[in-house]
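Hi,

Here is the structure I promised to pass on. Have a look at it first, and then read on for what turned up.

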Amino acid sequence: MKIVFFGDSVTEGCFELSFSDTQGGIDIIRDKRSVYHNLLKERIEKEHPELNVEFINAGISGNSSADGVARLEKDVISHGPDIVVVCFGLNDIAGRSLHEYVSNMEQIFRTLRDKGIQVILLTPNMFNTYVHGDVLPGFEELASRLARIQNENRPDTYYEEAKKKALEFGCIIADCYSAWKKLYEYGIDVTELLSNRLNHPTRAMHKLFADMLYDKIVDLL
């Protein structure tokens, strides 16, 4: 069995931002051991050693759903997967219309369904809700814009529409975004749960993604 994890920087395994040199270049800390699908892989291998599963990381930092459509054949279908976990939205909400996002997600769902591949829609995490004091200098304006987007509940609309479209195409849904929203409603400071104080979950929060996928994927396997 093969599972492809298809998405953006969160799926790739991106965490903190840092300055890389005296000229102010930016590094993204990539931690492939702590990314959610590796945590999932380790748990399945430990609890179900009888299962023979190949896990493929097809996440690329900065990607939107449009990039997903463009590289679907090359980076996903060419591997011959049985299951594809699709997680796009963070970069769409920050710069793409709702119509474009839903249209792209529909194309991804339809193409995979027509290939006989089971799809799991994994909804992303929340953005920051305020400008945190630890945000990297120079990123305050971006932090302010993302907080405004989140506080206007724009992601709620995008992900609800994506879920509706996913159900039309027989996709399974792992709704991590709703879990983040519940934490926020309980009074948890979700900005503290972002390693870059913008949009990358902490290592601990990647476990939430892995846990929400575990039962769904084991049932399929």
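Below is what I found, going from the whole chain down to single residues.

One thing to keep in mind from the start: this is a predicted model.

**Overall picture**

The protein has nine helices and seven strands. For its 221 residues, a compact globule would be expected to have a radius of gyration near 17 Å, and the value here is 17 Å, so the two agree. If you want a box for it, the C-alpha trace spans about 45 × 40 × 40 Å along the principal axes. Buried residues account for 50% of the 221. The contacts reach a long way along the chain: taking those between residues at least 6 apart in sequence, 75% join residues at least 24 apart.

On the outside, the accessible surface is about 10000 Å², and carbon and sulfur atoms hold 48% of that. As for charges, I count 25 positive and 34 negative side chains, with the centres of the two sets 2 Å apart.

**The core**

In soluble globular proteins, nonpolar side chains tend to be buried together. The largest nonpolar core in this model takes in 65 residues, and Val86, Leu112 and Leu213 have the most contacts inside it. Helix α9, residues 203-220, is the element that gives the most to this core, with seven residues.

Which residues does Leu213 touch, leaving aside those up to four places away in sequence? The list is Phe5, Tyr36, Leu40, Val85, Ile120, Leu122 and Ala174.

Val85 on that list is worth following up. Val85 sits in strand β5, which covers residues 83-87. Its relative accessibility is 0%, so Val85 counts as buried. With the same four-place neighbours left out, Val85 touches Ile3, Val4, Phe5, Phe6, Ile120, Leu122, Leu213 and Ile217. For Val85 and Phe5, the C-alpha atoms are separated by 4.8 Å, although the two residues are 80 apart along the chain.

**A buried proline**

Pro124 is in the loop between β6 (118-122) and α6. Is this loop residue buried or exposed? Pro124 counts as buried, because its relative accessibility is 2% and the cut-off for buried is under 20%. Not counting residues up to four places away in sequence, Pro124 touches Cys87, Phe88, Gly89, Leu90, Tyr159, Cys176, Tyr177 and Phe209. Pro124 and Phe88 are 36 residues apart in sequence, with 7.1 Å between their C-alpha atoms.

**Two positive phi values**

If you run backbone checks, two residues other than glycine will show up with positive phi. Asn153 has phi near 65°, and Arg197 has phi near 60°. Asn153 is placed in the loop between α6 (140-151) and α7 (154-168), while Arg197 is in the loop between α8 (176-185) and α9. Their surroundings can be read from accessibility: Asn153 is at 35% and therefore counts as partly exposed, whereas Arg197 has a relative accessible area of 14% and so is buried.

**A residue on the outside**

For contrast, take Lys46, in helix α2 (residues 36-47). Why does Lys46 count as exposed? Because its relative accessibility is 71%, and exposed means over 50%. The C-alpha atoms of Lys46 and Ile29 are 27 Å apart, with the two positions 17 residues apart along the chain.

If you want a place to begin in the viewer, I'd start with Leu213 and Val85, which touch each other, and then go on to Pro124 in its loop.

Cheers

Definitions and conventions: Residues numbered from 1 in each chain as written. Predicted model: local features only at pLDDT ≥ 70, side-chain atom pairs only at ≥ 80, totals over all residues. Heavy atoms only, no water. Helix = DSSP H or I, 4+ residues; strand = E, 2+ residues; numbered from the N terminus. Rg over C-alpha atoms; globule rule 2.2 N^0.38 Å. Buried < 20%, exposed > 50% of the residue type's maximum accessible area, 1.4 Å probe, protein only. Contact = heavy atoms within 4.5 Å. Areas by Shrake-Rupley, 256 points an atom, 1.4 Å probe, with all protein chains shown as cover. Lys, Arg positive; Asp, Glu negative; His and termini not counted. Charge placed at Lys NZ, Arg CZ, Asp CG, Glu CD. Core = buried A, V, L, I, M, F, W, Y, C linked by side-chain atoms within 4.5 Å.
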